[in-house]
Structure formats: structure tokens, C-alpha cells
Amino acid sequence: MAARLLDGKSLAAQVRVAVKREVEALAQRGIRPGLAVLLAGENPASRVYVRNKVRACEETGVRSDLYELPASVSEEALVDRVLALNDDPDIHGILVQLPLPKQVDAHEVLETIAPAKDIDGFHESNLGALLAGRPRMVPCTPAGVMRLLEHAGVPLAGSHAVVIGRSNIVGKPLALLLLQRDATVTLCHSKSRDLENLARSADILVAAVGRAKLVTGRMVKPGACVIDVGVNRLSDGSLAGDVDFAAASEVAGWITPVPGGVGPMTIAMLLENCVRAAGASK
Ligand code: NAD
């Protein structure tokens, strides 16, 4: 294997140590960071994500309150819950696990979260701040990708970054963060023509689609940095990213594994955002 592995698991562990120290420092000021997690319905993947987030809070001394709501929950009930948490001085971060049940407009619920407690960074005011080049709460997965790139010393300024996937939670904010670091960014999506050639021109190639083996070895420029955000459950029950790891790692200069790449960094950035929100609260 030619590529160097970008080990998100180990970097996330380092971030968690720093978070723990921050939690101890905040305790001196009489503050205990508190996270509220709202989980609606029975989506098994959401349950796993939430369990991992709650466990990471426990390990670092962040208080976490989990609100489990039925799949039949109304939008009004969720909005009321968020409004109450906005006013709770012991809660510094509010996380609404997506997707929400179909009768609920997720946008309405996310826009109800006080921007200072929006540790996922999905509120329009936080996304707008990012667009304006003055990031406040940055969405956790893109923030985790940037931390991985910075930690590995991957050159950003002047490089061509190709991001596949344009969601509000991954692709779009990541494109903005890369642009802010002076990369030349191409943002691709399901209607993009000639994805293969676009991908092959990338110094930094990010796949955030949700389709196993979308990125083949032929789509990777020799020496490029390949970041695999995708999480796909295969028929044998195992997890795979969007990149054909075996083929791409023969060509790439750096590559993230799945699992153990971007996933752990997402949770680490969530903890960081929560502790930062707590620190700014008094
Ligand atoms: P999404 O479904 O909201 O967006 C997918 C994007 O992929 C869309 O912009 C769409 O245009 C694009 N797309 C679809 N088919 C395509 C194709 N054939 N070619 C090019 N682009 C195509 O998904 P999302 O919420 O951004 O998540 C993307 C993936 O990342 C999923 O697998 C998700 O599970 C994973 N994810 C992982 C983490 C993590 O922490 N590791 C966090 C968030 C999301």
C-alpha cells in the first residue's frame, strides 16, 4: 500500500484528551459543559450514532441528557423541547439527531436552536457566518476533515480540492472551509458531468455521497489525498465508505479508512464545539 493512512481514531483520541483538560479548567470556573441530544423514532443507525456521542461525553466529563421521543412526535413538541433547552443555563449544546420523522420539518426544528447552542453548526446564522468567512459553530464532519488534513500537513493553499456531495451538513460547508484555506474547490453532485475526470484532477478528493465504491482507483490522481466521508452498510453487515479503499490506497498519497477515519473526528469536533459553547456561556 502506497498511501499514508490518516488515522482519525488516534487523532480523535488526542482531541478528547484536550477536551477533558478543558472540562477540568471549566470546572474551576464552576461550569460543567452540558449537551442535550434529541432522538426521535427508531432509526437503528441514528441510535448507534447517538450512543457513540453520549459515550464520548461520559468519557470526557461532558454532561449529556438524552431525550428519546416516539416516531409519532409532532413538530410542535420538538420545537417546544428545543425552546425549553434554549433557556436552560446548564445546557450549552443542543443536538437534534437527523433524520427526523417525516411529519416533522427538520429545518424548522434546527432553526429553533439558539445559534450559540447549535453545536452541529446547522443553523442558518452559523452557516451564513461560515459563508462570510467568519466561522462560529462549524459543522462537525467538515471540521473533522479539516483537522485531519491540517494534522497530516496536507498542502491546502493552491491545491485543487474536489468535493463529491453537496449536502448542507458535509459537502457545502467543507467546500467553504477548503476555500477559506486557499484551495481551489470544485463541488460535485449527482448531476455533475464527467465525475471521473474531475476527480482525477484533484489534489484533495473528498467523497461524501453514501454509495459504496463510487470512487474507484482510476479516479484518484497519483499522490492525492483521499478523504472518505461515506458510511455504507454492506449486505454482509460490514461498514464501507464511498471509496474503493484497496484500489485507491495503491495510488493515493494519503487516505482515510472507514471505519476509523472521519467518523471519530466528527464526534471529537462535537465535543470541542460543546466545550467551546460552555466556555463562552458566562
Ligand atoms: P446526502 O444524501 O444529504 O447528500 C449526498 C450528496 O451526494 C448529494 O449532494 C448528491 O447530489 C450527491 N450524489 C448522489 N449520488 C451521486 C453520484 N452518483 N455522483 C456524485 N454525487 C452524487 O448525504 P450526506 O448527509 O452529505 O452524507 C453523505 C455520506 O456521508 C453518507 O454516507 C453519510 O452516512 C456519510 N456521513 C458520514 C459522517 C461521518 O461522521 N463519517 C457524517 C455525516 C455523513
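1. A quick word on terms before we start: buried means under 20% relative accessible area, exposed over 50%, and partly exposed in between, with a 1.4 Å probe and protein chains only. By that rule C188 is buried, its relative accessible area being 1%, and C274 counts as buried too, at 2%.

2. Please keep in mind that this is a predicted model, where local features need pLDDT of at least 70, side-chain atom pairs count only at pLDDT 80 or more, and totals for chains, interfaces and linings use all residues. Residues are numbered from 1 along each chain as its sequence is written, and side-chain values use heavy atoms, without hydrogens and water.

3. On the cysteines, a search of the whole structure finds zero disulfides (pairs of cysteine sulfur atoms within 2.5 Å). For C188 the closest cysteine sulfur is in C225, 16 Å away and so too far for a bond. C274 is in no disulfide either, with the sulfur of C57 as its nearest, at 6.2 Å.

4. Now to the largest pocket (on a 1 Å grid over the protein atoms alone, an open set of points where a 1.4 Å probe fits, with protein on both sides within 12 Å along at least five of seven lines; lining residues have an atom within 4 Å of a point). Its lining has 49 residues, and Y49, T141, V231, G263 and T266 lie nearest the centre.

5. Both domain 1 (30-114) and domain 2 (139-263), with bounds from an automatic or database assignment, give at least three residues to the lining of the largest pocket.
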